[in-house]
Amino acid sequence: MTAPLLLATAESVHRLSPLTAAEIFPLLFILVLAGFLGYEVIGRVSPTLHTPLMAATNAISGISLVGSLVAAGGHYSQTSHILGMFAVCAASINVVGGFLITDRMLRMFKRKPRGGAVS
Amino acid sequence: MNADLARIFAETSYLVAAVLFVLGLKALSHPETARRGMFMAEIGMLAAVVGTLLYFEIVTWTWIAIGVLVGSTIGTLMAVFMPMTAMPQRIALSHAFGALAAVLVGIYKYIEYPAADLGRLRISALGFEVMFGALTVTGSLMAFGKLQELIKSAPVTFRGQNFFNIGLFFATIALYLYFIYDPTATWAFYTVIGLGLCIGVLVVMPIGGADMPVVISLLNSYAGLAAAATGLAIDNKVLIIAGSLDGTSGFFLSMLMSRAMNRSFANVLFGAVGAAPPAGTKVVETRTVTRYTPEDMKFVLENAQSVIIVPGYGMAVAQAQHVLHEIANYLIAQDIKVRYAIHPVAGRMPGHMNVLLAEANVSYDLLFERDAINDDFAETDVVVVVGANDVVNPAARHKKSSPLFGMPILDVDKARTVIFLKRSMGAGFAGEENELFYDKKTMMVLGDAKQTLTAVAGMLKKRTGLVHA
């Protein structure tokens, strides 16, 4: 009962694309290892900078800009170009706005003699 | 350019970007190095964008130009003009934008490439990306609406809500699995997106203001996961790495926030604390408190040797951080030891209080985490609690029936005198009465925190003249 089912599933996976496992596993390795690396690095972030951290990781994950650029300007249909345009727009808000706001916050974090001057 | 060479160039730029991102985040371990680190991350971003534009064949620049121009303008305006107090909203909104980009890229990929070419595993990533992306978009917009007070921030609940949400969630997962089984089912693809959008609204709707730190962190994590899945779907390694870093960062912060509240994710997402205070436990308060004036507060502060300030969301609402700093500065000038104790979930997002105090020019080495300062309360003369309640409620230590029970609190009750600056005698978000209000050592100064503190600062100044450090 299960054997033919498994066979059918395996067959359909095969029919879909025979090479994906070889292609995708290196990517999965990257995903998982980057996750561990991230956990180690972020665990050492100063708790006082947790808000800038959120803004910074947001800006960094705006790297989906690279995918959006290809959609907006590649050899594709008009629909994709427009979808891509909106994606580029959303990602640029995060990249440009994210880095600017992170820097604006980080500029405020200073060590001052005697508690800091009154502004 | 030779295609091979272009590819080498693009992949190198991605590698450089990935390394610079990690170094940038590593630099956040200390405020001294943080800005330099972010500069590195910016260079990394630039490298990746240039590499992409050189490698992929771009046939039209119009849409790219419009998108970049509009996006950068909005981003810059938001970054420059948004007040620091609006930071939690800003963060919530940026999760929505990040997730939106992921969903749109997912749709384009699905439109342009036949399912058979993508392969089952990539299809799985694609489905995951649009499902998580969609729920993050609406979830973040809901969080934004609540923080901006466009939507009622109190938890909204209805009968059978949890059953309904869980049912919807499983239906979406089932549909997602079906989509993996039959990637040609266009309807399934778009329905997964639609259901994802609904789940985002429904899951965040019942969550109240004080649980926002956990929700914002979780959404941070989801936006990162969606970006990482995008990387898998379009074979882009730097996207996988950046998304993964974002995802783990959000996950780490959510864990930290939940631990600080002694609650599980599930409890935050499905608990809706504060929705309905348990019936029958509401006892009419008969004890009375003595109300103190700003003058009393000034007197106590002047005669203290050591002071710890505990800020909460009320400080943010009253915008009291500047005048608070002014008072602290005066006390420091009088050789009184002043420090700030920051509870991880004070405010509406991780690090919220730190940003506001930094904005008011408070030196970061005066800010202490709970673990670093909690033992010092016993040797402290005066604790000033500005607009915080649940995070200092001793019921969390001993009252088993309390929703706060088990939450690690700041032990302000061990100090010699506790001054509460509050707008009213009302209970905190969790609906738990704070017994400390009625303690002999407690001084309640009711009213707007900023007005009270301004009055105190005025009196301190009048007496000896405020020294500008």
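Among contacts in chain A between residues at least 6 apart in sequence, 62% link residues at least 24 apart. Keep in mind that this is a predicted model. Chain A has 5 helices and 0 strands, so to speak an α-α-α-α-α pattern when you read along the sequence. Of its 119 residues, 53% are buried.

For a close-up of chain A, go to G97(A), which sits in helix α5 (residues 78-108) of chain A. Is G97(A) buried or exposed? The cut-off for buried is 20 or more other C-beta atoms within 10 Å, and G97(A) has 29 C-beta neighbours inside 10 Å, so it counts as buried. A55(A) is 42 residues away from G97(A) in sequence, yet their C-alpha atoms are 9.1 Å apart in space. If you set aside the neighbours within four places in sequence, G97(A) is in contact with G75(B), T76(B), M78(B) and A79(B).

Those partners belong to chain B, and that brings us to the contact between the chains. Chain B puts 112 residues into the contact and chain A puts in 88 residues. Which helix gives the largest share of the chain B side? That is helix α4 (residues 87-112) of chain B, with 16 residues. Sorted by class, the side of chain B that touches chain A has 64 nonpolar, 32 polar and 16 charged residues.

Now for helix packing inside chain B. Helix α6 (residues 120-147) of chain B and helix α8 (residues 186-204) of chain B have axes that come within 7 Å and cross at roughly 35 degrees. The crossing of α6(B) past α8(B) is right-handed. On the α6(B) side, the residues making the contact include G127(B), V130(B), A134(B) and G139(B); on the α8(B) side, they include V192(B), G196(B), G200(B) and V204(B). The class count for this contact is 14 nonpolar, 6 polar and no charged residues.

Just along the chain from there, look at E149(B), which lies in the loop between α6 and α7 (161-181) of chain B. Its phi is near 60 degrees, a positive value in a residue other than glycine. E149(B) has 10 C-beta neighbours inside 10 Å, so it counts as exposed.

Helix α10 (residues 237-261) of chain B is a good one to check with a ruler. At 1.5 Å a residue, its 25 residues should span 36 Å, and the C-alpha atoms at its ends are 36 Å apart, which agrees. Because 22 of the 25 residues of α10(B) are buried, this helix is largely enclosed by the rest of the structure. After α10(B) comes N262(B), with a positive phi near 55 degrees.

Next up is the sheet. In chain B, 6 strands form an open sheet with parallel pairing, in the order β3-β2-β1-β4-β5-β6. Why do β3 (367-369) and β6 (442-446) of chain B each have one side without a neighbour in the sheet? They stand at the edges, each with a single partner strand, so one side is left free of a neighbour. From one strand to the next, the twist averages 25 degrees.

Zoom in on one pair: strand β1 (residues 306-311) of chain B and strand β4 (residues 382-386) of chain B pair in the parallel sense over 5 bridges. Within that pair, V307(B) stands opposite V382(B) in β4(B). Helix α12 (residues 294-302) of chain B lies across β1, β4, β5 (417-422) and β6 of chain B, and runs at about 140 degrees to β6(B). Helix α15 (residues 352-359) of chain B also packs on the sheet, where it touches β1, β2 (337-342) and β3 of chain B. The direction of α15(B) makes about 145 degrees with that of β2(B).

How enclosed is α15(B)? 8 of its 8 residues are buried, so α15(B) is largely enclosed by the rest of the structure. Among those buried residues are H352(B), N354(B) and E359(B), along with L356(B) and L357(B). α15(B) is followed by N361(B), which has a positive phi near 80 degrees.

One last stop is Q319(B), in the loop between α13 (313-318) and α14 (321-333) of chain B. Q319(B) is a residue other than glycine with a positive phi, near 60 degrees. With 15 C-beta neighbours inside 10 Å, Q319(B) counts as partly exposed.

Note on methods
Residues numbered from 1 in each chain as written. Chains lettered and ligands numbered in written order. Predicted model: local features only at pLDDT ≥ 70, side-chain atom pairs only at ≥ 80, totals over all residues. Axes fitted to C-alpha atoms, helices over the stretch in contact; angles between N-to-C directions. Helix = DSSP H or I, 4+ residues; strand = E, 2+ residues; numbered from the N terminus. Left-handed = near helix turned anticlockwise from the far one by under 90°. Contact = placed C-beta atoms within 7 Å. Nonpolar A, V, L, I, M, F, W, Y, C, P; charged D, E, K, R; others polar. Pairing = 2+ DSSP bridges. Expected span 1.5 Å × (residues − 1). Buried ≥ 20, exposed ≤ 12 C-beta atoms within 10 Å, placed from the backbone.
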